[in-house]
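Trainee: I should like to go through the reasoning behind the terms used for this structure. May I ask for the grounds of each one in turn?

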Amino acid sequence: MHGPHLHACHDCDLLQREIPLPPGGKARCPRCGAILYRRNVNGLDRTLAYSMGAAVLFIIANAFPIVGLAAAGHHTSTTLLGTVRMLWHGDMISVAGLVFTTTILMPGLEIAAFLYMLLPLKLGWVPQGLPAVFRIVHAVRPWGMVEVFMLGTLVALTKLAHLASVEPGVALFSFGALMFLVAAAAASFDTGALWERVEQLR
Amino acid sequence: MNVSAVRLGYLSCHACGLLHRHSGPAHGLFCTRCGAALHARKQDSVARAWALLIAAYVLIVPANVLPVMVSGSLFGSEKDTIMSGVVYLWNDGSWPLAMILFIASIAVPFSKLGAMTFLLVSVQRRSTLAPEQRTRLYRVLEFVGRWSMIDIYVAAILTALVQFGGLMSIQAGPGAIAFGAVVVLTMFAAETFDPRLIWDPVESHGR
């Protein structure tokens, strides 16, 4: 029922023959210019490594304060979850939900899903429910906004800088690094290699 | 060979990309590899995208009129809308910040609404004009939408940090709810829109 050597462009549906790519290469649609697929060097291993690093940073980024503020003898600091709680108690329930979903839930889900799929595949077995987890990664991707949050935090800090003394927390730096690792994990994720690996192990 | 997959009887999985051969109407089919539901085109793409887009058009009004931030201090309280926040930063001399916020919270949401409307109208009129550029426009839309969230995060961080009792405190205002909804609705609208619809009339014109 499949056409293993054919590929349809996801943006314009042009049907074309799949060609083998050199390592590190990517195939573009000749009609609309979309990237069709890529062949990453050790794509799965890299995604796994980046995800493991991201998991550690994700925990640090959520456990420690992002930033502290001192003014007129008062001191406040906040963690990410503290920010969500503050919005929630200020009757901004939908905004609290939005911040929680885009900065904690979705990035956490994406990292967890990568680890759940790739760690067993590396060790030589196919994890249960892999197709469903794969679809979760696909659905979750647009909603993880760690990099946007990072920029937002920096803007907020710059606004505050002339008002009070700002103390960047451990979590701020963890977030900065997390942003790169999450992006690297997603960019090196080679779906073609994933299904090949699954096929091999079956 | 310059034909779409669907005309030759192929369906591609939107999640994993696997091609499937099928005959007859695609209904209740699932990808044999990853299990995602298969459709020739995203279901009711145009109608759903319109619904989300119209909701966004309605909400962008309160998002810009209502305050996104309410700051209280010893000298009374001050309400800031998105635009007044940008103007304040500009007059304050921090024009790089003012630029970032203007682009992310005003330029991007409004041009996104305009561009989505243009894409939907052009698809409904089965336009064959510049399909490549329209596809590129769609990809830009998909990419930039998320950056509008900056203002929400700024309001969130300020709310959590600036809590010095009666001395000074900041609360997120009702505008933030509407603005967050606009961002989410336009992101869903872009995700619901199927760029392959841009190319369908081009092909039936025999190009």
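Mentor: We may begin with the core of this predicted model. The largest nonpolar core has 115 residues, and those that touch the most other members are A:Val95, A:Leu178, B:Ile152, B:Tyr153, B:Ala156 and B:Val182. Helix α6 of chain B, residues 174-192, gives the most to this core, with 12 residues.

Trainee: What makes such a set a nonpolar core?

Mentor: Its members must be buried residues of nonpolar types, joined through C-beta atoms within 7 Å. In soluble globular proteins, nonpolar side chains tend to be buried together.

Trainee: Which residues is B:Ala156 in contact with, leaving aside its neighbours within four places in sequence?

Mentor: With those neighbours set aside, B:Ala156 is in contact with A:Thr83, A:Leu87, A:Val95, A:Val99 and B:Ala172.

Trainee: Why is α3(A) called roughly perpendicular to α5(B)?

Mentor: Two packed helices are described by the angle between their axes and the distance between the axes. For helix α3 of chain A (residues 93-123) and helix α5 of chain B (residues 150-161), the axes come within 11 Å and cross at roughly 110 degrees. The range for roughly perpendicular is 65 to 115 degrees, and α3(A) is therefore roughly perpendicular to α5(B). The contact is made by A:Val95, A:Leu98 and A:Val99 from α3(A), and by B:Ile152, B:Tyr153 and B:Ala156 from α5(B).

Trainee: How do the residues of that contact divide into nonpolar, polar and charged?

Mentor: The contact of α3(A) with α5(B) has 6 nonpolar residues, no polar and no charged.

Trainee: What does each chain give to the contact between chain A and chain B?

Mentor: Chain B gives 54 residues and chain A gives 50 residues. On the side of chain B that touches chain A, α5(B) gives the most, with 10 residues. That side divides into 35 nonpolar, 12 polar and 7 charged residues.

Trainee: Why does A:Phe175 count as buried?

Mentor: The cut-off for a buried residue is 20 or more other C-beta atoms within 10 Å. A:Phe175 has 23 C-beta neighbours inside 10 Å and therefore counts as buried. A:Phe175 lies in helix α6 of chain A, residues 170-188. Leaving aside neighbours within four places in sequence, A:Phe175 is in contact with A:Ala61, A:Val146 and A:Met150. Its C-alpha atom is separated by 8.7 Å from that of A:Ile60, 115 residues apart along the chain.

Trainee: How do you know that β5(B) and β8(B) pair?

Mentor: Pairing requires at least two bridges. Strand β5 (residues 69-73) and strand β8 (residues 168-172) of chain B are joined by 5 bridges and run antiparallel, so the requirement is met. In β8(B), B:Met168 is the bridge partner of B:Ser73, and B:Ser169 is that of B:Gly72. Likewise, 5 bridges join β5(B) to the antiparallel strand β6(B), residues 76-80, and a hairpin through 2 residues connects them.

Trainee: What makes β6 and β7 of chain B edge strands?

Mentor: The open sheet of 4 strands has the order β6-β5-β8-β7 in chain B, with antiparallel pairing. β6 and β7 (163-164) of chain B each have a single partner strand, so one side of each is left without a neighbour in the sheet.

Trainee: Which strands stand at the edges in chain A?

Mentor: In chain A, 3 strands form an open antiparallel sheet in the order β6-β5-β7. The edges are β6 (74-78) and β7 (165-168) of chain A, because each has a single partner strand. The twist averages 20 degrees from one strand to the next.

Technical notes: Residues numbered from 1 in each chain as written. Chains lettered and ligands numbered in written order. Predicted model: local features only at pLDDT ≥ 70, side-chain atom pairs only at ≥ 80, totals over all residues. Axes fitted to C-alpha atoms, helices over the stretch in contact; angles between N-to-C directions. Parallel < 35°, antiparallel > 145°, perpendicular 65-115°, else oblique. Contact = placed C-beta atoms within 7 Å. Nonpolar A, V, L, I, M, F, W, Y, C, P; charged D, E, K, R; others polar. Buried ≥ 20, exposed ≤ 12 C-beta atoms within 10 Å, placed from the backbone.
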